[in-house]
Amino acid sequence: MSLKPAILPELYCGDGSWDVWFGHFQNVAAVNNWDDATKVLWLKARLTGRAQVAIQRLSKETLGDLQALTRAMKERFEPNCQTEMYWRKIQSRLKRSDEAWHDFADDLCGLVNKAIPHVQEEARQQLAVMRYLEQLSDTQVAFSVRQKRPKTLAEAVALTLETESLAIASGVSSCKERLRSLVAGTQTENSTTDINAQGLLTTLVQRMGKLKDTLAEARPAKKSYGPIVVKICF
């Protein structure tokens, strides 16, 4: 046994899940190669807050036995009476608009594991997936993901992200195509307008020329008068 551990377990104050924290503690214990007696010492040393208060109320016999100690802590922080509470949390848990699908799935999975810890993993995953699919608000994304029948939350999240990415890419392509059509239509309209304006100008010039000729023909000819003779009478 190494006197100096390679890594230390995280502190536990009693606010989070005891099962999650104790799973983390067991992983750290395996890395450090701790025996049961060493686990007891480190477990008590890594408890703070409400969790530290809880172990101070236990008997010496319980504090010296790893199984008895962990069982007492589980009953304190993960009681069976909380099952109904977790079920209510599962039903009321909604995905927030600013929440990533991975984060929502992780939280949902944790709630399901707490609500039915003794049920097989496959059944827990099916329940979590069913609740997850209910949160897909986009009808096209929901239809596509449901059609592929994901068996685990990880599969459901991967399908959701893939479908959303394809939808975004399709939307961008559609916008680009509409923009190209709009630009092309504007250019065609401008070309037609230029041609029409040029035709109108040509017609106007021709009409002005004809009007000038008509005015010239209608103008009366100047009369020619002979020399003026002035008679003076005396």
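I'll start with Asn-33, which has 59% relative accessibility and therefore counts as exposed. The cut-off for exposed is over 50%. Asn-33 sits in the loop between helix H1, residues 18-32, and helix H2. Its phi is positive, about 60°, although Asn-33 is not a glycine. Before going further: this is a predicted model.

Now the chain as a whole. The protein chain has 10 helices and 0 strands. Read from the N terminus, every element in the run α-α-α-α-α-α-α-α-α-α is a helix. Of the 234 residues in the protein chain, 29% are buried. The accessible surface of the protein chain is about 17300 Å², and carbon and sulfur atoms account for 57% of that surface. On contacts: take the pairs in the protein chain that are at least 6 apart in sequence, and 54% of them join residues at least 24 apart.

Next, H2 and H5. In general, a pair of packed helices is described by the angle between the axes and the distance between the axes. What are the two values here, for H2 and H5? The angle is about 35° and the axes are 9 Å apart, with H2 covering residues 36-45. From H2, the residues in the contact are Asp-36, Lys-39, Val-40, Leu-43 and Lys-44, and they meet Leu-66, Leu-69 and Thr-70 of H5. Sorted by class, this contact of H2 with H5 has 4 nonpolar, 1 polar and 3 charged residues.

Thr-70 deserves a separate slide. Thr-70 belongs to helix H5, residues 66-77. Is Thr-70 buried or exposed? Its relative accessibility is 13%, so Thr-70 counts as buried. A polar atom of the Thr-70 side chain lies 3.0 Å from the backbone oxygen of Gln-67. Setting aside residues up to four places away in sequence, Thr-70 touches Trp-18, Phe-22 and Leu-43. Leu-43 is also one of the H2 residues in the helix contact I just described.

Moving along the chain, we come to a loop residue, Glu-99. Glu-99 lies in the loop between helix H6, residues 83-92, and helix H7, residues 101-115. At 8% relative accessibility, Glu-99 is classed as buried, because the limit is under 20%. What does the side chain of Glu-99 make a polar contact with? The partner is the side chain of Arg-93, at 2.6 Å. Apart from neighbours within four places in sequence, Glu-99 is in contact with Arg-93, Leu-94 and Phe-104. Arg-93 therefore appears both in the polar contact and in the contact list of Glu-99.

The last region is H9, the loop after it, and H10. Helix H9 spans residues 139-147, and within it Val-141, Ala-142, Ser-144 and Val-145 are buried. Why do these residues line one face of the helix? Viewed down the axis of H9, the buried residues fall within an arc of 165°, so they share one face. The general background is that an α-helix has 3.6 residues a turn, so residues three or four places apart point the same way. On the other side of H9, the exposed residues are Thr-139, Gln-140, Phe-143 and Gln-147.

The N-terminal end of H9 is capped by Asp-138, with a side-chain oxygen 3.0 Å from the backbone nitrogen of Gln-140. After H9 comes Arg-149, which has a positive phi near 50°. Arg-149 is in the loop between H9 and H10, and Arg-149 is a residue other than glycine. Its relative accessible area is 69%, which means Arg-149 is exposed.

What does the buried face of H9 have as a neighbour? Part of the reply is Thr-163, which touches Val-141, Ser-144 and Val-145, not counting residues up to four places away in sequence. Those three are among the buried residues of H9. Thr-163 itself lies in helix H10, residues 153-218, and with a relative accessible area of 12% Thr-163 is buried. How far apart are Thr-163 and Val-145 in sequence and in space? In sequence the separation is 18 residues, and from C-alpha to C-alpha it is 7.6 Å. The side chain of Thr-163 also has a polar atom 2.7 Å from the backbone oxygen of Leu-159.

To close on the two threonines: Thr-70 in H5 has its side-chain polar atom by the backbone oxygen of Gln-67, at 3.0 Å, and Thr-163 in H10 has the one by Leu-159, at 2.7 Å.

Definitions and conventions:
Residues numbered from 1 in each chain as written. Predicted model: local features only at pLDDT ≥ 70, side-chain atom pairs only at ≥ 80, totals over all residues. Heavy atoms only, no water. Buried < 20%, exposed > 50% of the residue type's maximum accessible area, 1.4 Å probe, protein only. Helix = DSSP H or I, 4+ residues; strand = E, 2+ residues; numbered from the N terminus. Arc of directions from axis to C-beta. Polar contact = N/O pair within 3.5 Å; in protein donor to acceptor, adjacent residues only side chain to side chain. Contact = heavy atoms within 4.5 Å. Axes fitted to C-alpha atoms, helices over the stretch in contact; angles between N-to-C directions. Nonpolar A, V, L, I, M, F, W, Y, C, P; charged D, E, K, R; others polar. Areas by Shrake-Rupley, 256 points an atom, 1.4 Å probe, with all protein chains shown as cover.
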